[in-house]
Amino acid sequence: MFETIIYEVESIDGDYANLKNLTHESDELKLVARALLPADIYEGCEVKYEMLQYSMNQ
């Protein structure tokens with residue numbers, strides 16, 4: 001079973017984005033290459049990680 005995780009884009013730094021896990025509260029940020037994320041992300045938006053893919057959380 002794959003778990004669905006919701007992240008908030010905390011910051012975007014060049015080719016990487018720092019994501020905050022909203023599903024499992026944690027102070028640690030996850031550094032993810034922007035190539036793996038939707039092209040239209042922005043700071044403060046939410047993305048969903050499901051089935052090994054990131055998508056905008058609507």
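How many salt bridges does a search of the whole structure find? Hi everyone, let me start there. The search turns up 1 salt bridge, and I'll use it as our way into a hairpin. Please keep in mind that we are looking at a predicted model.

The salt bridge is formed by E50 and K48, and their closest N and O atoms are 3.7 Å apart. As a reminder, side chains of opposite charge can pair when their charged atoms come close. Here the cut-off is 4 Å between the nitrogen and the carboxyl oxygen, so this pair qualifies. As for exposure, E50 counts as partly exposed because its relative accessibility is 34%. K48 is also partly exposed, with a relative accessible area of 23%.

Now to the strands themselves. Strand β4 covers residues 46-50 and strand β5 covers residues 53-56. They run antiparallel, joined by 4 bridges. One partnership to remember is Y49 with Y54 in β5; we'll come back to those two tyrosines.

Between the strands, the hairpin has 2 residues. M51 is in that loop, and it takes a positive phi near 55 degrees. Is M51 buried or exposed? M51 counts as exposed, because its relative accessibility is 54%. Together with F2 and L52, M51 makes a nonpolar surface patch of about 360 Å².

Let's go back to the tyrosines. Searching the whole structure gives 2 aromatic pairs. In one of them, Y7 and Y54 are tilted, at 6.3 Å centre to centre with 50 degrees between the planes. Y7 belongs to strand β1, residues 5-13, and Y54 to strand β5, so this pair ties together parts that are 47 residues apart in sequence. Both of these tyrosines, Y7 and Y54, are buried.

Then there is the pair of Y49 and Y54: the ring centres are 4.7 Å apart and the planes lie at 45 degrees, so this pair is tilted. Y54 has a relative accessible area of 13%, which is why we call it buried. If you put the three rings together, Y7, Y49 and Y54 form one aromatic cluster.

One last thing to look for on your screens: which residue has its charged end over the ring of Y49? That would be K30, sitting 5.2 Å from the ring centre.

So, to recap this corner of the predicted model: β4 and β5 are joined by 4 bridges, E50 and K48 form a salt bridge, and Y49 belongs to an aromatic cluster with Y7 and Y54. Thanks for listening!

Notes. Residues are numbered from 1 along each chain as its sequence is written. This is a predicted model: local features need pLDDT of at least 70, side-chain atom pairs count only at pLDDT 80 or more; totals for chains, interfaces and linings use all residues. Side-chain values use heavy atoms; hydrogens and water are left out. Two strands pair if DSSP finds at least two bridges between them. Patches are made of residues with over 30% relative accessible area and no salt bridge: like charges are joined within 9 Å, nonpolar side chains (Val, Leu, Ile, Met, Phe, Trp, Tyr) within 5 Å. Accessible areas come from the Shrake-Rupley method with a 1.4 Å probe; for residues, only the protein chains shown count as cover. A salt bridge is a side-chain nitrogen of Lys or Arg within 4 Å of a carboxyl oxygen of Asp or Glu. Buried means under 20% relative accessible area, exposed over 50%, partly exposed in between (1.4 Å probe, protein chains only). Rings of Phe, Tyr and Trp (its six-membered ring) pair if their centres lie within 6.5 Å; planes under 30 degrees apart count as stacked, over 60 as edge-to-face and the rest as tilted. A charge sits over a ring if NZ of Lys or CZ of Arg is within 6 Å of the ring centre and within 35 degrees of the ring normal.
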